[in-house]
Amino acid sequence: MRVISFIALGIVAAASVPAEARDWLVHNPGEYEAAAKRVVPGDRILLADGEWKDFQIRLTGQGRSDAPIRLAAQTPGRVVLTGASNLKLSGRHLEVSGLIFRDGHSPDDSVVAFRTSSKAWAEDSRVTGIVIDGFNQPDRRKEDHWVAIYGRGNRVDQSHFEGKANAGAMLVVIRQAGMPLDNRARIDHNYFGPRPPLGSNGGETIRIGTSTESGSDSGTVVEDNLFERCDGEVEIVSVKSGGNIVRRNLFLESQGSLVLRHGSGNVIEDNVFLGRGVAHSGGIRVINERQLIRNNYLEGLAGTSFTSAIAVMNGVPNSPVNRYMPVRDVVIEDNTIVDVARITIGAGADAERSQPPRDVRFAGNLLSGAKGSDPVRIEADASGVTFAGNVLAGAKSAVAGIDARAVPMERAANGLLYPRDRTLAVGVRRDLRPVTREEVGVRWYARPARRTVAFDSGATIDVRAGATLGEAVARAAPGDALRLAAGRYTVVQPIVIDRPLTLRATPGTATIGMGGALFQLEEGGSLMLDGVAIDGSGAPAGSTVIRASTRPMLGNYRVRIAHSRIADVPGDVIATTPATLAATIEIEDADFQRVAGTVVAAHAETGSAGLYSAEQVAIADSRFDRVGTVADLFRGGTDESTFGPRFAMTGSSVTDSGAVVLSGVQTAALRGNQFTRSAGVQVTHSVGAPDTRIEGNRFAATPAPEVRELHYRGAPRAVLQDNVMETCL
Ligand code: CA
């Protein structure tokens, strides 16, 4: 029978230790430490319900497989660790459950670590049913891991991880000299909730090992997890070791891929990827040897190139361990890969990645491309790939071993597509069952718990002419729209925007006069201007219309300017800042006249670490007249870990103005624009496989577009077509 000690630790200490397991209910760190010293196998320490602020939990001990030492919440979900808190465990047969980490951050490099020092780690221990929600370092550039699994035989299951906004993987299996390399970790039934783009490398959701130790097997199993909108970077799961199994996971609307980055002999099976057309939703990227990719279901994936539904990479001959080992002895069979943008063989082929895949068997797969296209692209010598018994539905194929024909399909009870003809034995098994939302995470925490507040999702509030705009903004709730009456509004102090808000007017009726910097975004802020006129003629030099915070921001912000007229600005219109990231900057049907600075100044990150300031910038149907610079986007560094920055400009005119400057931008499309007496378009490619298209533009008394390669050896990789050059007017 279980004894409840409602402590009085003194009394407990004086008593003889009872033979039966006991519960130690503790109310503060002092009581916890006293109990932690006394627990014996089978005992349970219960943290009393409530908030535990600045509590760094250390749990060490030797439990037994039939009698672990446990640490739990008095009531699961009612114990919240806040402030400078974390958890470290070492020993054997330990189990932690029921805790929430929220409203704070770890004082060191992990929130949960399966070790207490470099020499003391945990084995055969388990963390189950915990929540880590937005428990981020205040500066997004500072790296930590939410869960760091060291040791051997450890398990993380039935837990909920959501909203990591600073650098570093959500969960990592750390393998280093002096510690067990045969980790045999098990990561199962977890909910990996939305992770927004980080804006640099280090936004993985799971990473297993690093390149240094990737020649050995980790033996980790990742199974039955749900990954939802895990958009941190190009790698959702980064396998950097051998002998792992990744199976029965569901990847939902996530940007990025499951990447077999380093290590060999991994098994990837029975996973379901549902991209639902989300940009850059990817599948499985294959590098190295002896990988088995079997019975996976991939549907609606929009990714191309490295992020293709299946991307078999080209390798580097005699590759250093941290580059790209050639692909050899790989089997890709019985997968269903339907309604996808791309399947790429020989992805990344270039002067360095010159070794094509060898001894690859691609067989028994059911394929179809988005909109009836042929998704298969062969980008290198594919003679080392055997195609056999594959069926491509609804398109022609040039590849022998891919049988193209009409394949009527139907959605089965498991939600997945199968050929109506049950005798057609290609693609995944009929009994594949995607893991459900109810089976992952904990029952007492919503999956997901956080939602982005959309513009115009709240109330509309009328603002009378001449009102103090800052006061109206301060009273508005997230998602509200302020509707400005006709008239002039003069703003002297910058208006702080710390929630998503819209300022709206009937175009041509309401003007905001700048007395200085106008809008200042702070944590949680996003701003839409719709139909508003802004007059900067009364503002001192350098004044900006919209500026991101001067302090680090964790939430990615959004800016949208539509149907608006912005004139006589003595500084930038939209100014990004270091340690902040714009998720989107959208400009539609807007006029910019006489702007001394830059309309979209997204070059606040200047280093070579691969950080950048805006994920996506889109300009449509707008007019720029006498502006210093139209847009300036910068991303330094050479790593290939991000989808951004992305830039699009269509249907716009630029007159007597500076350039569109794009450096390190991954995707750029400029179509149907008119440049007159301006500096034109200057593109610098630094890395990866940039996709630059400059098509159907008119350049009058404006230099031709300039595309430069910093590292790539070869002609600049850009599509320039149907542009019209006019030397004189
Ligand atoms: Ca990465």
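The largest cavity in the predicted model has a volume of about 40 Å³, and the structure holds one cavity of 30 Å³ or more. A cavity is here a set of points, on a 1 Å grid over the protein atoms alone, where a 1.4 Å probe fits but cannot get out; grid points are joined across faces, edges and corners, and the volume is the space filled by probe spheres set on the points. The lining, defined by an atom within 4 Å of a point, consists of P197, L198, G199, D231, G232, E233, Q255, Y612, E615, S641, T642 and F643. By class, four of these residues are nonpolar, five polar and three charged (Ala, Val, Leu, Ile, Met, Phe, Trp, Tyr, Cys and Pro count as nonpolar, Asp, Glu, Lys and Arg as charged, and the others, Gly among them, as polar).

As the model is predicted, local features need pLDDT of at least 70 and side-chain atom pairs count only at pLDDT 80 or more, whereas totals for chains, interfaces and linings use all residues. Residues are numbered from 1 along each chain as its sequence is written, and side-chain values use heavy atoms, with hydrogens and water left out. The chain averages a pLDDT (the predictor's confidence in each residue, from 0 to 100) of 95, and 97% of the residues score at least 70. Over residues 5-18 pLDDT stays under 50, and the model has 18 contacts beyond four places in sequence for this segment, a contact meaning heavy atoms within 4.5 Å. Where pLDDT is low, the predicted coordinates should not be read in detail.

E233, one of the cavity-lining residues, also takes part in calcium coordination. The donors of the calcium ion are N201 (OD1), E204 (OE), E233 (OE), E233 (OE) and E235 (OE), at 2.3 to 2.6 Å. Donors are N, O and S atoms within 2.8 Å of the metal (3.2 Å for Na, K and Ca); water is not among the atoms, so sites may look incomplete. Along the chain the donors follow the spacing N-x2-E-x28-E-x1-E. The pair N201 and E233 links distant parts of the chain, 32 residues apart: N201 lies in the loop between β21 (191-192) and β22, and E233 in the loop between β24 (226-228) and β25 (235-240). Strands (E, at least two residues) and helices (H or I, at least four) are DSSP runs, numbered from the N terminus. E233 is buried at 1% relative accessible area, whereas N201 is partly exposed at 37% (buried, under 20%; exposed, over 50%; partly exposed, in between; 1.4 Å probe, protein chains only).

T220, in the loop between β22 (206-208) and β23 (221-223), is buried at 0% relative accessibility. Beyond four places in sequence, T220 is in contact with V173, N183, R184, A185, I187, I208, G243, N244 and I245. G664 occupies the loop between β65 (660-663) and β66 (667-671) and is buried at 3%. Its contacts beyond four places in sequence are R635, P645, T684 and S686; the C-alpha atoms of G664 and T684 are separated by 6.1 Å.

P645 is joined to G644 by a cis peptide bond with omega near -5 degrees. A second cis bond joins R447 and P448, with omega about -5 degrees. Positive phi values occur at D54, about 50 degrees, and at D621, near 50 degrees. Most residues other than glycine have a negative phi, and most peptide bonds are trans. D54 is partly exposed at 42%, as is D621 at 43%.

Key:
On a 1 Å grid over the protein atoms alone, a cavity is a set of points where a 1.4 Å probe fits but cannot get out, and a pocket is an open set with protein on both sides within 12 Å along at least five of seven lines; lining residues have an atom within 4 Å of a point.
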